[in-house]
Amino acid sequence: VYAVAQTNCVMFRSRVTTWVNLFLAFTLLGASVTCVYFPSERLFWPTVFGFFFYFPAQCLPPLGMSCFELKNYCSTAGDQWMRKQYHHVDCSLQGQTCVQLLMTWILITPWVMPRVVHMHGIWVWILCVFIGWTTMYRLVTKEAVYDFEETLYRVFLLSGVLLVSCHTKYMLERGHRTKFKHDMQQAESTKRMFAILEFMVPSHVIPQMLTNPEEPIAKSIRHVSILILVIDDFDRHTREKTPTQLLRFLNEQFTNIDKVCVDNNVTKIETVGEEYVACVGVLPEDIRTCEERGHGPLLDRLLSAARQLFELQGKSVRYKMGAHSGPIDAGVIGTKLPRYRLFGDTINSAARMMQKGLPGQLQFGEATYADLSPEWQEKVEYRGEVEMKGKGSVKAYTFSPKMAQDVAQPQRRQGRLQFSYRGTITAHLYTDGSLTPKVRLEVPSVRERADSADEVEQDAQREALERDFTMRFDDMLQSMRATSSRRVCLLRELEGFTPEMEEEWQQWQHENTLTHKAQRRFALMALLVMGISAIELQFVVQIQVWRYPHPLYKSRWRWPVYVFSRMLVVLLQMLWWYAASTLECIKTSPKKTQAVLMATICLSVVLLYIGYDAILFSDTSAYRTYVRFTNNFRSPEDQFLSLNFVVLYYISMRTHNLTFYQSLCFVPLTVLIAALHEIYSSLYPEQPRWETAFSDKAIFLLFAQTLINAAISHEDENKSRARFKAQKAVRTTSTRTKDILDKLMPPLVVEELRNLRPGAPLPSHQYRHATIAQSDLCGFTELASKKKPTEVVRFMGELFGAFDVLTDKWQICKVETIGDAYIAGMAEKPLTRTNSPIAVVQFGLDLVRAVDVWARDLGVNVACRVGVHYGECIGGIVGNAMQRYHLFGHFLVVMDTLEATSLEGRLQVSTACKKEVERQLRDDPAASVERLIFVPREGQELKTSKGEIHSFGEVGGPTFLVDSDQPLRRH
């Protein structure tokens with residue numbers, strides 16, 4: 001009765017401790033989930049320490065049963081769970097369940113601990129907790145179930161597992177650092193190009209240019225105000241200055257104007273020669289302001305900018321300015337050298353206001369005056385009616401420096417970004433000793449360092465600009481990520497993967513994870529199996545395992561089965577080692593390779609289990625009789641073998657970083673291993689029972705290991721897919737940005753900008769052998785006046801797109817588009833890689849043909865005239881914003897005159913161009929694909945279509961019309 005009472009008491013305490021264990025376990029799990037969704041260092045470390053103490057504590061009294069209780073009160077228990085625990089002597093810290101639980105925890109710590117340095121603290125835990133608690137337990141209970149050698153082996157096993165975990169964490173951390181550094185360098189390189197791109201086009205059109213590079217960009221805007229500024233008497237500066245001095249002069253003027261525009265949040269559109277075009281109302285935020293508060297606040301900024309522009313004028317430099325308000329169509333024209341253009345009557349009216357304006361003043365019409373606030377209306381003066389081409393008499397108002405003196409000084413909006421960060425083109429990368437390269441941005445629109453508040457404010461402003469720029473760049477990358485309606489519940493990062501991306505990711509994952517250092521992994525796995533097998537074989541011989549019968553085969557076959565299965569495992573690893581080093585298909589066929597690899601891993605696990613089953617003997621009746629198990633309650637001698645299998649099984653699952661769905665294949669494999677013995681016993685009940693070497697708790701932990709592996713693979717795959725999408729977005733952005741930059745400027749100039757030293761001046765180039773063609777569309781102005789602005793944008797896109805194709809055909813650099821004029825040509829590097837005047841002339845002939853084909857297909861009366869000149873010019877970048885690579889010098893005046901005085905549907909060249917073409921033909925008769933015929937122009941002078949007269953001396957002598965043996969126009 002006393003024994004029964006004691007047994008019932010132990011059973012009751014067991015049930016109570018079970019509920020206590022569940023409470024502690026769920027508390028720690030809840031804290032873990034909280035750390036995942038609400039990261040907190042204060043909660044994280046107590047939770048980790050809780051797990052480190054909970055796992056060993058639940059194996060000792062009072063949370064667990066002692067070996068004494070297990071022996072005396074559970075040997076006859078009706079609970080099958082306890083009976084198996086009794087037969088496996090599964091108690092104390094050395095028990096199978098506890099050691100397996102501790103190994104599982106140590107194996108997953110690489111994904112728990114933040115850094116590899118924290119892993120070394122587990123050595124202290126093994127010394128103080130596992131060894132210390134074991135020693136105290138034996139001193140208190142006087143139990144001798146596990147002898148010193150068995151305890152020492154378990155310490156050795158835990159230490160080996162910890163070494164594996166430390167190495168895993170080290171490789172994970174090093175891989176993360178390497179990937180982070182590579183990704184950051186790639187992102188910063190793209191960011192640098194993106195920063196340059198923001199100097200070229202408005203930032204609000206960049207996403208569409210990058211995401212849909214082939215799609216035209218056009219938008220109708222209801223209300224804008226356009227300001228056009230021109231340097232008055234610019235011809236005088238052209239005559240008085242050398243090309244280099246002229247470039248420096250323009251750069252100084254436009255840089256100052258850029259600063260004024262940034263200070264007042266006025267959008268720069270473009271510069272054309274000595275003209276500067278700016279606008280308010282085209283940016284998305286301006287459109288919202290106009291809808292919410294009207295157009296008045298936008299005009300206030302424009303007139304404030306005009307007031308500051310008056311201050312830039314001097315005795316030698318005066319500006320003529322015109323403005324107009326109204327609707328506009330804005331779009332990006334051309335696939336090569338794309339430009340953000342404004343189309344419609346509003347910009348034409350602004351140009352007329354500028355042309356008929358007075359030097360040193362701003363002139364605008366009634367539409368702009370009506371939008372002004374009453375305060376500003378009092379500051380302007382009614383000029384009267386002004387005759388304008390195509391408009392008749394128009395009422396005009398002026399705003400002059402004298403009136404601007406009465407305007408209150410507005411507060412400067414230093415550093416206000418509109419399209420981009422308005423610094424200099426010398427944005428550059430640097431490394432400050434850290435792993436992360438950064439983009440250094442110059443603070444814009446600060447007149448002088450001495451005028452700023454202090455350096456602290458400047459630093460804060462710079463940081464704000466960097467954050468703003470980084471935010472725009474990150475938004476750009478986000479918009480570049482592929483979108484898809486595909487949704488999945490298991491892999492969140494699978495969302496957005498197109499079938500093409502899925503194939504790319506599989507190949508990328510295969511090359512960067514599975515096949516990366518695959519030979520090393522197979523070799524290490526083979527060495528590990530051989531090392532453990534050598535230790536186990538010594539045990540097999542020492543224990544004479546062939547003395548114990550096996551339910552499936554004769555006892556003498558135990559060790560041959562073990563040796564043969566291990567040899568097969570090692571052979572499989574070596575075959576893969578050889579294949580990974582010699583077969584190219586291993587890298588090029590990810591699906592087949594991974595399928596075969598997965599089958600190999602599963603086969604290896606099965607072979608490992610068969611080998612261990614062959615040398616496990618503690619559950620046989622002969623062993624129990626031989627060691628007098630019932631009288632001497634002690635641990636089975638072969639228990640460490642099952643622990644070895646657990647380690648090898650986990651390492652097999654984690655060695656090759658399999659995908660989530662592949663890792664799920666181990667779940668049915670684990671179920672098969674756990675249920676194999678029961679299945680055999682149910683199929684062959686008359687045969688001796690085939691016992692498993694694992695207790696129920698050990699099987700549960702083995703299954704938990706498999707699920708943990710699947711969870712880790714799930715998270716790894718999500719991270720891999722997220723990184724792939726991020727890298728693809730960066731690569732796509734980088735590629736498309738580079739393509740756009742190469743189209744915005746000559747490719748060699750873009751490369752020069754990328755390599756520009758910090759603080760270095762913008763590049764300029766002297767060209768001594770330039771051949772440039774300029775075309776104009778005859779009849780297009782009349783056609784455009786009868787069409788809607790959106791149709792005009794489409795027409796321009798079609799024509800300039802055809803011209804862009806011709807530049808690729810003849811390897812010519814597109815230089816500029818001005819209205820319906822198209823300028824392209826060749827020169828020395830960096831304008832073009834090759835220089836051929838014949839190619840430029842043939843390109844000009846093809847322009848005439850392309851326009852003729854387009855016009856006839858559309859049924860409109862439009863033709864093309866072209867002028868080509870050869871000589872010297874200078875190229876360079878002017879201004880800080882919306883920068884372009886311009887050509888300057890008297891050369892362009894000659895080229896413009898040649899184009900303006902050419903005949904409709906014909907190409908006219910200068911004497912210098914004719915001589916250079918003839919020289920090239922003498923050197924290389926095959927340089928021209930068609931026979932060129934130069935016909936001298938008749939008469940004593942040249943006349944434009946508008947009746948303007950030019951002498952031959954203005955263009956360097958007689959000119960020639962170019963005929964060909966191939967027709968220019970269809971008849």
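Biologist: Why does Ser-92 count as buried?

Modeller: Its relative accessibility is 3%. Buried means under 20%, so Ser-92 falls in that class. Bear in mind that this is a predicted model.

Biologist: Where is Ser-92 placed?

Modeller: Ser-92 is in the loop between helix 4 (80-87) and helix 5 (96-108). Its phi is positive, about 65°, although Ser-92 is not a glycine.

Biologist: Which other residue that is not a glycine has a positive phi, of about 50°?

Modeller: Asn-657. It lies in the loop between helix 25 and helix 26 (660-663).

Biologist: What makes Asn-657 partly exposed?

Modeller: Its relative accessibility is 34%. The partly exposed class runs between the buried limit of 20% and the exposed limit of 50%. Asn-657 therefore counts as partly exposed.

Biologist: Why is the pair of Phe-645 and Tyr-649 called stacked?

Modeller: Two values decide. The ring centres are 5.7 Å apart, and a pair needs centres within 6.5 Å. The planes meet at 25°, and stacked means under 30 degrees. Both tests are met, so the pair is stacked.

Biologist: How are Phe-645 and Tyr-649 placed along helix 25 (residues 639-654)?

Modeller: They are 4 residues apart, which means a separation of about one helical turn. Phe-645 is buried, and Tyr-649 is buried too.

Biologist: How many aromatic pairs does the structure hold?

Modeller: It holds 29. There is also an aromatic cluster, formed by Phe-51, Phe-52, Tyr-54, Phe-55, Trp-105 and Trp-125.

Biologist: How do you know that the charged end of Lys-241 sits over the ring of Phe-249?

Modeller: The distance to the ring centre is 4.7 Å. The limit is 6 Å, with a further limit on the angle to the ring normal. The charged end of Lys-241 counts as sitting over that ring. For Lys-914 and Phe-934, the distance is 5.9 Å. That value is within 6 Å as well.

Biologist: What makes Ser-565 buried?

Modeller: Its relative accessibility is 2%. The cut-off is under 20%, so Ser-565 counts as buried. Ser-565 is part of helix 21 (residues 558-582).

Biologist: What does the side chain of Ser-565 reach at 2.8 Å?

Modeller: The backbone oxygen of Tyr-562. A polar contact needs its two atoms within 3.5 Å, and 2.8 Å fits that distance limit. Leaving out residues up to four places away in sequence, Ser-565 touches Leu-607 and Gly-611.

Biologist: Why does Gly-322 count as buried?

Modeller: Its relative accessibility is 0%. Under 20% is buried, so Gly-322 belongs there. Gly-322 is in strand 4 (residues 319-333). Beyond residues up to four places away in sequence, it touches several others, among them Ile-226, Leu-227, Ala-350 and Met-353.

Biologist: How far is the C-alpha atom of Gly-322 from that of Gly-365?

Modeller: The two C-alpha atoms are separated by 9.0 Å. Along the chain, these glycines are 43 residues apart.

Biologist: Why is helix 13 called largely enclosed by the rest of the structure?

Modeller: Of its 17 residues, 13 are buried, so the description fits. Helix 13 covers residues 296-312 and reaches 25 Å from its first C-alpha to its last. That is close to the 24 Å expected at 1.5 Å a residue.

Biologist: Where are the cis peptide bonds that lead into Pro-62 and Pro-830?

Modeller: One runs from Pro-61 to Pro-62, with omega near 10°. Pro-62 is in the loop between helix 2 (41-57) and helix 3 (67-73). Another joins Lys-829 and Pro-830, with omega about 10°. Pro-830 is in the loop between strand 13 (821-826) and helix 32 (837-858).

Biologist: What is the mean pLDDT of the protein chain?

Modeller: It is 81, and 85% of the residues reach 70 or more. Among the elements, strand 9 (residues 428-430) has the lowest mean, 29, and strand 16 (residues 907-909) the highest, 95. Over residues 410-452 the pLDDT is below 50. That stretch still has 135 contacts in the model beyond near neighbours in sequence.

Biologist: How many helices and strands does the protein chain have?

Modeller: It has 34 helices and 20 strands. Of its 971 residues, 53% are buried.

Conventions:
Residues numbered from 1 in each chain as written. Predicted model: local features only at pLDDT ≥ 70, side-chain atom pairs only at ≥ 80, totals over all residues. Heavy atoms only, no water. Helix = DSSP H or I, 4+ residues; strand = E, 2+ residues; numbered from the N terminus. Expected span 1.5 Å × (residues − 1). Buried < 20%, exposed > 50% of the residue type's maximum accessible area, 1.4 Å probe, protein only. pLDDT = per-residue confidence, 0-100. Contact = heavy atoms within 4.5 Å. Phe/Tyr/Trp six-rings, centres within 6.5 Å; stacked < 30°, edge-to-face > 60°. Lys NZ or Arg CZ within 6 Å of the ring centre and 35° of its normal. Polar contact = N/O pair within 3.5 Å; in protein donor to acceptor, adjacent residues only side chain to side chain.
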